[in-house]
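User: Please take one part of this structure and go through it closely. I am new to it, so set out how that part is built and then place it beside the rest.

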Amino acid sequence: MYSVNDGQFSDLYKSIPYRISTRNYSGTASEEKIKALKMFAANISDNEVRIEIYNSGEVYTGMGKAIKGTDCFASIAGKRGAKFQEGYLGEVLALECTRLGLGTCWIGGTMKRSSAKKIASIKGKEGLHCIIAIGESEQLDEALRENRPFENRKRKQLNKLFSYPSRESRQPVSIDDLADWQKNAVLAVDKAPSAMNMQPYTLEVGDTSIKIIRAVGIFPFQMIDIGIAKLHLELGAFSSGTAGRWEKTDDNWVFTTEK
């Protein structure tokens, strides 16, 4: 099973600044890259989530011009109660695609679900809540070639994304007041994709922990979005040499550093 703590694929942190939602592609992924992605997907899949790579533009039928230029996609099939893991492992794949120079886009409500479920052979207690479009991206190629991360993402202001209630001082906390591992974790979560860029959560920073708190409201893909945020948080912390463990408390998730 995939794990950030043992260093496996930890270099995916470097892909975070270059991963954006791509809807216009310059072509379907090459056979060589598809083969590599199929092996990668098999490696990170577990008993709860099955990820597979397919070449069929039928899933994009009816989406108008939402996705153009590629037939490739990844199916993220999960058993009941596995939505957090679907988001977590699906984003592992998305960041690996970025590392390979491939653009991606998470798709939920707009895909042709009947076709996607048939192609992915959904069976038994599996559900298919999202797929990930994959393809060649000239925009990403240029950004990687010029070492120019994507900026100006549509996100919350940082002071609305995180708080530090345990801090003794009552003065407002800026991102630069945090420890390096906390700062990198928060900034990595800020770059995490979410449905409609809603970021349906906030972060509560403690001295040795960060809690992801679910926002109140109706967010159909909230659990998947939080799974994505969990991965980004882990990768950000690990980039500063900090590993930790997750615990679910009161329907929220707490990442606590390991001593």
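Analyst: Two strands count as paired if DSSP finds at least two bridges between them. The model is a predicted one. With that in hand, the part to look at is an open sheet of five strands, whose order across the sheet is 5-6-7-9-8 and whose pairing is mixed. The edges are held by strand 5 (162-163) and strand 8 (244-249); each has a single partner strand, so one side of each has no neighbour in the sheet.

Start at the strand 5 edge. Strand 5 and strand 6 run parallel and are joined by two bridges. S163 has E204 of strand 6 as its bridge partner. Moving on to the next pair, strand 6 (residues 201-205) meets strand 7 (residues 209-214) in the antiparallel sense, over five bridges. These two strands are connected by a hairpin of three residues. Two positions show how strand 6 and strand 7 line up: Y201 stands opposite R214 in strand 7, and L203 has I212 of strand 7 as its bridge partner.

Strand 6 also shows which way its side chains face. They alternate along the strand: Y201, L203 and V205 point to one face and are buried, whereas T202 and E204 point to the other face and are not buried. Putting this beside the pairing, L203, the partner of I212, belongs to the buried set, while E204, the partner of S163, belongs to the set that is not buried.

A helix packs on this sheet as well. Helix 6 (residues 180-190) touches strand 5, strand 6, strand 7 and strand 9 (252-257). The direction of helix 6 makes about 180° with that of strand 6. Between helix 6 and strand 6 runs a loop, and M196 is found in it. M196 is not a glycine, yet its phi is positive, at about 60°. How accessible is M196? Its relative accessibility is 71%, and anything over 50% is called exposed, so M196 counts as exposed.

The loop between strand 8 and strand 9 holds D251, another residue other than glycine with a positive phi, here near 65°. D251 has a relative accessibility of 39%, so it counts as partly exposed.

Now for the rest of the model. There is another open sheet, made of four strands in the order 1-2-4-3, with antiparallel pairing. Strand 1 (49-55) and strand 3 (102-107) stand at its edges with a single partner strand each, so one side of each is without a neighbour in that sheet. From one strand to the next, the twist averages 25°. Strand 1 and strand 2 (residues 72-79) run antiparallel and are joined by seven bridges. In that pair, F73 of strand 2 is the bridge partner of Y54.

Elsewhere, two helices meet. Helix 1 (residues 31-44) and helix 2 (residues 83-99) have axes that come within 10 Å and cross at roughly 155°. An angle over 145 degrees counts as roughly antiparallel, and helix 1 and helix 2 are therefore roughly antiparallel to each other. Their crossing is right-handed. Helix 1 contributes L37, F40, A41 and I44 to the contact, and helix 2 contributes L89, V92, L93, E96 and C97. By type, the residues of this contact are eight nonpolar, no polar and one charged.

One member of the contact can be followed further. L89 is in helix 2 and is buried, with a relative accessible area of 0%. L89 and A41 are 48 residues apart in sequence, with 8.9 Å between their C-alpha atoms.

A last pair involves the segment before helix 1, where K14 lies. K14 has a relative accessibility of 63%, so it counts as exposed. P149 is 135 residues from K14 along the chain, and the C-alpha atoms of K14 and P149 are separated by 9.9 Å.

Technical notes: Residues are numbered from 1 along each chain as its sequence is written. This is a predicted model: local features need pLDDT of at least 70, side-chain atom pairs count only at pLDDT 80 or more; totals for chains, interfaces and linings use all residues. Side-chain values use heavy atoms; hydrogens and water are left out. Axes are lines fitted to C-alpha atoms, for helices over the stretch in contact, and angles run from 0 to 180 degrees between N-to-C directions. Angles under 35 degrees count as roughly parallel, over 145 as roughly antiparallel, 65 to 115 as roughly perpendicular and the rest as oblique. A crossing is left-handed if the near helix is turned anticlockwise from the far one by less than a right angle, and right-handed if clockwise. Contact means heavy atoms within 4.5 Å. Ala, Val, Leu, Ile, Met, Phe, Trp, Tyr, Cys and Pro count as nonpolar, Asp, Glu, Lys and Arg as charged, and the others, Gly among them, as polar. Buried means under 20% relative accessible area, exposed over 50%, partly exposed in between (1.4 Å probe, protein chains only).
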